[in-house]
Amino acid sequence: MSHHKQAKEKIAGLKKELNAVIVAHNYQLPDVQDIADFVGDSLELAQRCVSIKAEIIVFCGVRFMAEMAAILNPATTVLLSHPDAGCPLADMIDVDTLRQWKERYPEAAVVAYVNTAAAVKAESYVCCTSANGAEIVNATPNEEVLFIPDQNLGHYISTKTDKKMILYPGFCHTHARITTKEVELAKQRYPQAEILVHPECRPEVIALADAALSTSQMLRYAAQSNHRVFLIGTEEGTLYPLRKQNPGKEFHVIGDSFICPDMKKTTIEVVIETMQTGSNVVTVPEEIRVRAKQAIDRMLAIT
Ligand code: 13P
């Protein structure tokens, strides 16, 4: 039996034994996506985790995503696939810094990208993802919005709203690294391609794209498009479902590599170890959980 097949059988056995459900983000390694019961973008994963009825959710992704599952589904134990899978963007703002910014802009509603810690969400009015940012900002009652922590997503949303947006200067290393030059080069190589980028890319990169989309929105867009070739401006894990779901189409990542090191920490072996040892339990103090849940629930009610 192949190593891969053996690992898959092991996981199937552990899932039964533990009454566990495995969810994975679109950025996860192909092997890991294959063993998941559900794969999606941040928004779909949050929506799905609300209603999972199991003893355990094994979350293959990064910490803030697993935290959201723990916040939304407190009856279920959430295990993060890898103990050190974090998000440098989420780490760019903490509660004390957010409080200082709130004092500076007392009229503004805080809209927190889900790429934030639970304690930061707890200090925010509403959350958003890359799939619903403009919709959420437009639905806030205030005229002024303090958007944290991704300035590129915030800038993109500001082109779709009349609200006054104050942008906190955070960014994603993986997405902000892509330059207009790399987009131009890719375009020269594949002149017929449609260009889809993530809104965490720089504004000048987004300006060269046909669309700025969340990872799952890219999957839907590519399926419906008449184009055959696509240039993708997001973490290369997304190429796996893009290719699987669109066998007649061609997908190329922009630049020479597009990798989120934290998303790549999870391998099948890591998932097996986490399940066998029941480690990496994600907990959120109840006082923070209920307030963070308010901000996430507001988002889910609007979306
Ligand atoms: P999506 O919500 O588009 O899947 O993006 C998640 C993310 O963290 C992007 O870096």
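Mentor: Buried means under 20% relative accessible area, exposed means over 50%, and partly exposed lies in between (1.4 Å probe, protein chains only). The model is predicted, so local features need pLDDT of at least 70 and side-chain atom pairs need 80 or more, while totals for chains, interfaces and linings use all residues. Residues are numbered from 1 along each chain as its sequence is written, and side-chain values use heavy atoms, without hydrogens and water.

Trainee: Is Asn73 buried or exposed, given its relative accessibility?

Mentor: Place it first: Asn73 sits in the loop between helix 4 (63–72) and strand 4 (77–80). Helices (DSSP H or I, at least four residues) and strands (E, at least two) are numbered from the N terminus. The relative accessibility of Asn73 is 6%, so this residue counts as buried.

Trainee: Which residue offers its backbone oxygen to the side chain of Asn73?

Mentor: Look for a polar contact: a pair of N or O atoms within 3.5 Å, where within protein one must be able to donate a hydrogen and the other to accept it, and residues adjacent in sequence count only if both atoms are side-chain atoms. A polar side-chain atom of Asn73 has such a partner at 2.9 Å. That partner is the backbone oxygen of Cys49.

Trainee: Now the ligand. How many residues surround it?

Mentor: A residue is near a molecule if one of its heavy atoms lies within 4 Å of it. The closest are His25, Ser42, Ser130, His198 and Thr215. The full shell holds 13.

Trainee: By class, how many residues in the shell around the ligand are polar?

Mentor: Ala, Val, Leu, Ile, Met, Phe, Trp, Tyr, Cys and Pro count as nonpolar, Asp, Glu, Lys and Arg as charged, and the others, Gly among them, as polar. Three shell residues are nonpolar and two are charged. The polar count is eight.

Trainee: What share of the ligand's accessible area does the protein cover?

Mentor: Start with the polar partners: the side chain of His25 has an N or O atom 2.6 Å from a ligand oxygen. For Asn115 the value is 3.1 Å, and for Ser130 it is 2.9 Å. On its own, the ligand has 310 Å² of accessible area (Shrake-Rupley, 1.4 Å probe). The protein covers 95%.

Trainee: Which side chain makes a polar contact with that of His252?

Mentor: His252 is in strand 12 (residues 250–253). His252 is buried because its relative accessibility is 18%. The side-chain contact spans 3.3 Å and its partner is Tyr190.

Trainee: How far apart in space are Phe251 and Phe230, C-alpha to C-alpha?

Mentor: Phe251 also belongs to strand 12. Its relative accessible area is 2%, so Phe251 is buried. Phe230 is 21 residues away in sequence, yet the C-alpha distance is 4.9 Å.

Trainee: Which residue does a cis peptide bond join to Ile148?

Mentor: Check omega: about -20° for this bond. The partner lies in the loop between strand 7 (144–148) and helix 8 (151–158). It is Pro149.

Trainee: What is the phi of Asn19?

Mentor: Asn19 is in the loop between helix 1 (3–18) and strand 1 (20–25). A relative accessible area of 38% is why Asn19 counts as partly exposed. Its phi is positive although it is not a glycine, at about 50°.

Trainee: And what is phi of Asn280 near?

Mentor: Asn280 occupies the loop between helix 14 (268–277) and helix 15 (286–302). It counts as buried because its relative accessibility is 18%. Phi of Asn280 is again a positive value in a residue other than glycine, near 60°.

Trainee: What distance separates the C-alpha atoms of Gly133 and Ala112?

Mentor: Gly133 is in helix 7 (residues 133–139). Its relative accessible area is 3%, so Gly133 is buried. Ala112 is 21 residues away along the chain, and the C-alpha separation is 9.6 Å.

Trainee: Which residue, 21 along the chain from Lys102, has its C-alpha 9.4 Å away?

Mentor: Lys102 is part of helix 5 (residues 95–104). At a relative accessible area of 30%, Lys102 is partly exposed. The residue at that C-alpha distance is Glu123.
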